[in-house]
Amino acid sequence: MNLVLLLLTLIILTASGVYVLMQDWRAAANRLLALFALNGMALTCAASVRLTSNNLQEIWFVSGLLAPLLSNSFGLLIWLILTIFIPHRYAQPSVRWSLAAPYLLMTILLVFDWYGNADIVARDVVRNDAGTVAFTPGPAFVLVMILFTIGVVIVPLTFLITIAIRHRRMRGPALWLIGGAALSYMMGFTFRSQAISVPELSYASLFPLQLALGWVTLRYQVFRPSTVALRTAIEHLQDGIVLLDAQRCVRFANRAAQRLAPFLAADAAALSFEEALVHAGFVESTAPDDYLNRLRRFNRDSEVAATLLVLETSIEGARESSSVALLRDMTVVERQKAALMASQAMLEERTAALERSLEEIRQRDILITRLTLPLIPLGNGIVVIPLIGAFDGLRCKELVSMLLSYIEERSAHIVLLDLTGVTGFDEALATALRQATDGARLMGAQVALCGVRPDIAESIIHERIHLNGVRHFATMQEGVTALLRPDVKGFRHTDSR
């Protein structure tokens with residue numbers, strides 16, 4: 001029965017180590033688990049020799065390996081806990097080696113004590129009356145057992161319990177390892193007690209912990225994903241993945257690639273990648289810009305039109321020339337791009353139409369402004385401009401601009417502004433009139449006002465608006481009569497207040 005359990009332990013350890021190494025031998029967690037399994041296999045083999053051999057010299061030699069290998073196993077277990085649950089701590093060498101140092105020192109001490117005949121922890125192995133091989137304890141045996149219990153039981157369980165409490169996402173695998181470790185510890189202490197007549201089973205007590213590690217590896221995928229998991233992920237990608245050999249023949253194509261081009265299937269005829277695309281109706285239409293981006297473009301003009309974008313890269317480290325091609329179906333993207341370009345063209349047309357409409361509105365506004373500020377020439381360089389309606393800031397600015405333009409166009413030297421049609425007189429209009437007067441004076445012309453109604457006069461007085469330097473007339477008729485006199489040619493300003 002003992003040998004059956006030891007053999008089963010060897011099978012479990014071998015399967016676990018080989019499984020994780022096949023997944024990714026370069027990952028730290030995978031290599032640590034393989035080392036843990038290898039160390040457990042050595043421990044199991046040593047226990048088997050110790051149980052089956054009748055040669056006391058062989059028994060003595062392998063007995064010295066049991067305790068160091070056990071100590072080394074739990075040092076590797078601490079590192080495994082770090083890599084699985086706290087990888088950022090494992091990446092710190094100071095933390096990693098400070099946790100492993102006690103186990104390493106214990107391993108060296110036990111090896112030196114046994115094979116160096118120091119007889120500090122254990123002295124020898126003897127057969128008792130029942131024929132069972134047992135250690136002869138040394139003076140430091142109890143102290144070493146206490147330290148051994150702390151490092152083997154308390155430290156790993158404390159780590160795992162803390163992780164199960166603080167990290168909810170990793171609670172499942174942590175609880176499984178807690179259960180496996182606790183069961184292993186209980187079996188080890190139970191089988192070493194005097195009440196049980198099979199202390200040999202203590203060397204198979206790590207079986208629950210090793211079984212828990214194997215289950216966590218399969219159930220929770222805490223180690224690097226296996227090739228099966230990677231292939232499953234690749235099969236469910238939306239983009240096509242194609243593996244090509246040195247002759248550019250397809251060696252693997254996922255479902256998306258086979259859906260785009262059925263001739264890419266691995267069981268199809270031995271066609272090259274380009275031939276398979278041609279059989280699927282695709283024609284290469286790679287543009288210069290695509291070559292710059294290391295892309296190839298294929299189009300299919302048929303009942304089911306499609307556009308295929310191919311990105312190919314070589315596999316580094318391969319014995320033979322091989323590459324991987326990524327196939328992306330750009331049909332929907334191209335349709336959306338065409339629709340976007342059509343929408344952009346329509347938007348540009350609407351923008352141009354809107355700009356034309358705005359230009360028409362601007363020309364209309366200019367015409368309306370000119371109509372609201374009509375010019376009436378009276379001859380002899382005299383013009384009359386009737387002001388109609390309300391004048392805000394914009395109209396006041398246009399009034400000044402148009403008045404100066406009229407003076408330049410008509411070579412006018414006298415401008416009569418009629419205020420009869422003005423609905424309100426305020427500081428803005430008064431400022432505009434002063435600016436117009438000053439501008440006209442600089443251009444060699446004079447400005448006169450007429451048609452000042454009582455309400456306008458009241459506004460001028462109430463607002464304390466000063467129009468000094470501007471000649472006033474009561475009505476347009478009076479102003480026109482005065483300005484058309486023969487002596488007005490040398491128009492001299494007289495201030496009427």
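Is Thr-162 buried, partly exposed or exposed? In this predicted model, Thr-162 is partly exposed, because its relative accessible area of 34% falls between the 20% limit for buried residues and the 50% limit for exposed ones.

## Overall composition

The protein chain of this predicted model has a secondary structure of 17 helices and 13 strands. Of its 497 residues, 41% are buried. When contacts between residues at least 6 apart in sequence are considered, 56% of them join residues that are at least 24 apart.

## Two residues in helices

Thr-162, the residue of the opening question, belongs to helix H6. Its C-alpha atom is separated by 9.2 Å from that of Ala-174, and these two residues are 12 residues apart along the chain.

Arg-96 lies in helix H5, which covers residues 93–115. With a relative accessible area of 15%, Arg-96 counts as buried, because this value is under 20%. Once its neighbours within four places in sequence are left aside, Arg-96 is in contact with Trp-79, Arg-89, Tyr-90 and Ala-91.

## Nonpolar cores

As a general background, nonpolar side chains in soluble globular proteins tend to be buried together. In this model the largest nonpolar core has 43 residues, and those with the most contacts inside it are Phe-36, Phe-74, Phe-85 and Tyr-185. At least two residues of this core come from each of H2, helix H3 (56–85), H5, helix H6 (141–166), helix H7 (171–192) and H8, and H3 supplies the largest share, with 14 residues. Apart from this core lies another, of 31 residues, which includes Phe-391, Leu-417, Leu-419 and Leu-429.

Tyr-185, one of the residues with the most contacts inside the largest core, can be described through its surroundings. With neighbours within four places in sequence left aside, Tyr-185 is in contact with Phe-74, Leu-77, Val-152, Val-153, Pro-156 and Leu-157. Phe-74, in turn, is also among the residues with the most contacts inside that core.

## The largest cavity

The structure holds one cavity of 30 Å³ or more, and the largest cavity contains about 40 Å³ of space. Its lining is formed by Leu-13, Ser-16, Leu-33, Phe-36, Ala-37, Gln-210, Leu-213, Gly-214 and Thr-217. Phe-36 therefore has two roles in this description, since this residue lines the largest cavity and is also one of those with the most contacts inside the largest nonpolar core.

Helix H1 (2–24), helix H2 (28–52) and helix H8 (207–220) each supply at least two residues of the lining, and the largest share, four residues, comes from H8. Sorted by class, the lining of the largest cavity has five nonpolar and four polar residues, while charged residues are absent from it.

## A six-stranded sheet

Six strands form an open sheet in the order S4-S3-S8-S7-S6-S5, and their pairing is antiparallel. Strand S4 (250–253) and strand S5 (283–284) stand at the edges, where each has a single partner strand, so one side of each is left without a neighbour in the sheet. In general, the strands of a sheet pair through backbone hydrogen bonds, in either a parallel or an antiparallel sense.

At the S4 edge, strand S3 (residues 240–244) pairs with S4 in the antiparallel sense over three bridges. Within this part of the sheet, Val-242 stands opposite Ala-253 in S4.

How values were computed
Residues are numbered from 1 along each chain as its sequence is written. This is a predicted model: local features need pLDDT of at least 70, side-chain atom pairs count only at pLDDT 80 or more; totals for chains, interfaces and linings use all residues. Side-chain values use heavy atoms; hydrogens and water are left out. On a 1 Å grid over the protein atoms alone, a cavity is a set of points where a 1.4 Å probe fits but cannot get out, and a pocket is an open set with protein on both sides within 12 Å along at least five of seven lines; lining residues have an atom within 4 Å of a point. Grid points are joined across faces, edges and corners, and a volume is the space filled by probe spheres set on the points. Ala, Val, Leu, Ile, Met, Phe, Trp, Tyr, Cys and Pro count as nonpolar, Asp, Glu, Lys and Arg as charged, and the others, Gly among them, as polar. Buried means under 20% relative accessible area, exposed over 50%, partly exposed in between (1.4 Å probe, protein chains only). Contact means heavy atoms within 4.5 Å. A nonpolar core is a set of buried Ala, Val, Leu, Ile, Met, Phe, Trp, Tyr and Cys residues joined through side-chain atoms within 4.5 Å. Two strands pair if DSSP finds at least two bridges between them.
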